[in-house]
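User: I would like to go through this model and ask, for each label, what value stands behind it. Please set the numbers against the cut-offs as you go.

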Amino acid sequence: MTSPTPPAQPRNPLHGLTLEAIVTALAAHYGWEELGRRIPVRCFTSEPSVSSSLKFLRKTPWAREKVEGLYLFMLREQRRGPAQPNS
């Protein structure tokens, strides 16, 4: 008997991404200071690093959900492009 193949997730933007890639992209886009303002956890506000963030987020499901949500928000904002000035 063969094991069932996991369902494909072509519409899931998080599929195939590591938590490290998500944290690295958020830190590059927002910077640690802004990331700490948006998600106020010590791993972002006190001596932040990708390594310390990964340790915390792997043990803390609610914080990981917030990080993934912010990543999805960032992707939506990037797809919209720069804000158009009012004429």
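User: Why is F44 called buried?

Analyst: In this predicted model, F44 has a relative accessibility of 2%, and because buried means under 20%, F44 counts as buried. Leaving aside neighbours within four places in sequence, F44 is in contact with W32, L35, G36, I39, S53, L57 and V67.

User: What makes W32 and F44 an aromatic pair, and what kind of pair is it?

Analyst: The ring centres of W32 and F44 are 5.9 Å apart, and because the limit is 6.5 Å, they pair; the planes stand at 40 degrees, which is neither under 30 nor over 60, so the pair is tilted. W32 belongs to helix α1 and F44 to helix α2, twelve residues apart, and the pair links distant parts of the chain.

User: Why is W32 called partly exposed?

Analyst: The relative accessibility of W32 is 22%, and because partly exposed covers the range between 20% and 50%, W32 counts as partly exposed.

User: How many aromatic pairs are there by this rule?

Analyst: The count comes to two aromatic pairs. Besides the tilted pair of W32 and F44, F56 and W62 form a pair with 6.5 Å centre to centre and 85 degrees between the planes. Because an angle over 60 degrees counts as edge-to-face, that is the label for F56 and W62.

User: Why do F56 and W62 count as partly exposed?

Analyst: F56 has a relative accessibility of 27%, so it falls between the limits of 20% and 50% and counts as partly exposed. W62 has 48%, so it too lies between those limits and counts as partly exposed. W62 lies in helix α4, and, leaving aside neighbours within four places in sequence, W62 is in contact with V41 and F56.

User: How do you know that S53 is buried, and what surrounds it?

Analyst: S53, which is found in helix α3, has a relative accessibility of 0%, and because buried means under 20%, S53 counts as buried. Beyond its neighbours within four places in sequence, S53 is in contact with V23, W32, C43 and F44. A polar atom of the S53 side chain lies 3.5 Å from the backbone oxygen of C43.

User: What makes the buried residues of α3 a single face?

Analyst: The buried residues of α3 are S53, L54 and L57. Seen down the helix axis, they fall within an arc of 100 degrees, so they line one face of α3. The exposed residues K55 and K59 are carried on the face turned away from that buried side. What covers the buried residues of α3 includes α1, α2 and α4.

User: How do you know that the length of α4 agrees with that of a helix of its residue count?

Analyst: Helix α4 has 20 residues, 61-80, and because the expected span is 1.5 Å times one less than the number of residues, it should span 28 Å; the end C-alpha atoms are 29 Å apart, which agrees. Just after α4, G81 takes a positive phi of about 85 degrees.

User: Why are the buried residues of α4 placed on the same side of the helix?

Analyst: Those buried residues are A63, V67, L70, Y71, M74 and L75. They cover an arc of only 145 degrees around the axis, which puts them on the same side of α4. On the other side of α4, P61, E65, R79 and R80 are exposed. The cover over the buried residues of α4 includes α1 (19-38), α2 (42-45) and α3 (50-59).

User: Which residues touch the most other members of the largest nonpolar core, and which helices supply it?

Analyst: The largest nonpolar core has 19 residues, of which L26, F44, L57, V67 and Y71 touch the most other members. Each of α1, α2, α3 and α4 supplies at least two residues of this core.

User: What is the secondary structure of the protein as a whole, and how much of the protein is buried?

Analyst: The secondary structure comes to four helices and zero strands, with the elements running α-α-α-α from the N terminus on. Buried residues make up 26% of the 87 residues. Among contacts between residues at least 6 apart in sequence, 58% join residues at least 24 apart.

Definitions and conventions
Residues numbered from 1 in each chain as written. Predicted model: local features only at pLDDT ≥ 70, side-chain atom pairs only at ≥ 80, totals over all residues. Heavy atoms only, no water. Buried < 20%, exposed > 50% of the residue type's maximum accessible area, 1.4 Å probe, protein only. Arc of directions from axis to C-beta. Contact = heavy atoms within 4.5 Å. Phe/Tyr/Trp six-rings, centres within 6.5 Å; stacked < 30°, edge-to-face > 60°. Polar contact = N/O pair within 3.5 Å; in protein donor to acceptor, adjacent residues only side chain to side chain. Core = buried A, V, L, I, M, F, W, Y, C linked by side-chain atoms within 4.5 Å.
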